[in-house]
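This report looks at one protein chain, beginning with its overall make-up and then turning to a single charged residue and the sheet beside it in the discussion.

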Amino acid sequence: MKLQDMIGLAVYEVEEGNEIGKIVDVVLDSNWNITGIELESKSFFSSHVKVVAWEDIVAYGEDAVMIRSKESILKADTDHIPYTFLLGKKKLKDLQVLTASGTILGRISDVYFDQKLGNTIVALEISDGLVTDLIEGRKWLPCSEEMSIGEDSVLVPAMSEERLQKAINIVNG
């Protein structure tokens, strides 16, 4: 499943079955784990956001996300959120992906996680620009422990170029 597919999903609480909002972003940590979801908020200028911790998500699918109860919704200070996918100062989307040997692989266009594995990010979708995406398609880079998130880029091991090429060859058959 892609994180981009979670954005906009309705969130329901299972106690009473009420819709409590929509997902506007996904919260991540530096170890490539999803730690929660951010819900839409009426306040545009607040430094706080409404967050539901990953542990309070009972189920998620193509159409909706189910949480335990309204009490699962917490207010979080945006300065204390390690990383987000789509919005904010520390967002992963559009971050440059750079190898340790100094090669730019592209920019993050999406992030994949395997529902069977829980909340662990398994791969990055990398864009090389619209024209290259149309001609070659987007690239899929499997995540590894050696990858680190910096302020301006995601740093990946030098061998990532080969892993990226193998992933492209597998996808293209």
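A residue is called buried when its relative accessible area is under 20%. In this predicted model, buried residues account for 42% of the 173 residues in the chain. The secondary structure comprises three helices and 14 strands, and, of the contacts between residues at least 6 apart in sequence, 47% link residues at least 24 apart. The chain exposes about 9,700 Å², of which carbon and sulfur atoms supply 52%.

Six of the strands form an open sheet with mixed pairing, in the order β12-β11-β10-β9-β14-β13. Its edge strands, β12 (139-142) and β13 (148-149), each pair on one side only. Within the sheet, β9 pairs with β10 (residues 104-113) in the antiparallel sense over three bridges, and Q96 has R107 of β10 as its bridge partner.

What surrounds K93, in the loop between β8 (83-84) and β9 (96-99)? Apart from its neighbours within four places in sequence, K93 is in contact with Q4, F85, L86, I108 and S109. K93 is buried and yet has no salt bridge; since a salt bridge requires a side-chain nitrogen of Lys or Arg within 4 Å of a carboxyl oxygen of Asp or Glu, the distance to D94, the nearest side chain of opposite charge, is given below together with that to the backbone oxygen of S109.

| Partner of the K93 side chain | Distance |
|---|---|
| D94, nearest side chain of opposite charge | 4.6 Å |
| S109, backbone oxygen to a polar side-chain atom of K93 | 3.0 Å |

Key: Residues are numbered from 1 along each chain as its sequence is written. This is a predicted model: local features need pLDDT of at least 70, side-chain atom pairs count only at pLDDT 80 or more; totals for chains, interfaces and linings use all residues. Side-chain values use heavy atoms; hydrogens and water are left out. Buried means under 20% relative accessible area, exposed over 50%, partly exposed in between (1.4 Å probe, protein chains only). Lys and Arg count as positive and Asp and Glu as negative; His and the chain ends are not counted. A polar contact is a pair of N or O atoms within 3.5 Å; within protein, one must be able to donate a hydrogen and the other to accept it, and residues adjacent in sequence count only if both atoms are side-chain atoms. Contact means heavy atoms within 4.5 Å. Two strands pair if DSSP finds at least two bridges between them. Helices (H or I, at least four residues) and strands (E, at least two) are DSSP runs, numbered from the N terminus. Accessible areas come from the Shrake-Rupley method with a 1.4 Å probe; for residues, only the protein chains shown count as cover.
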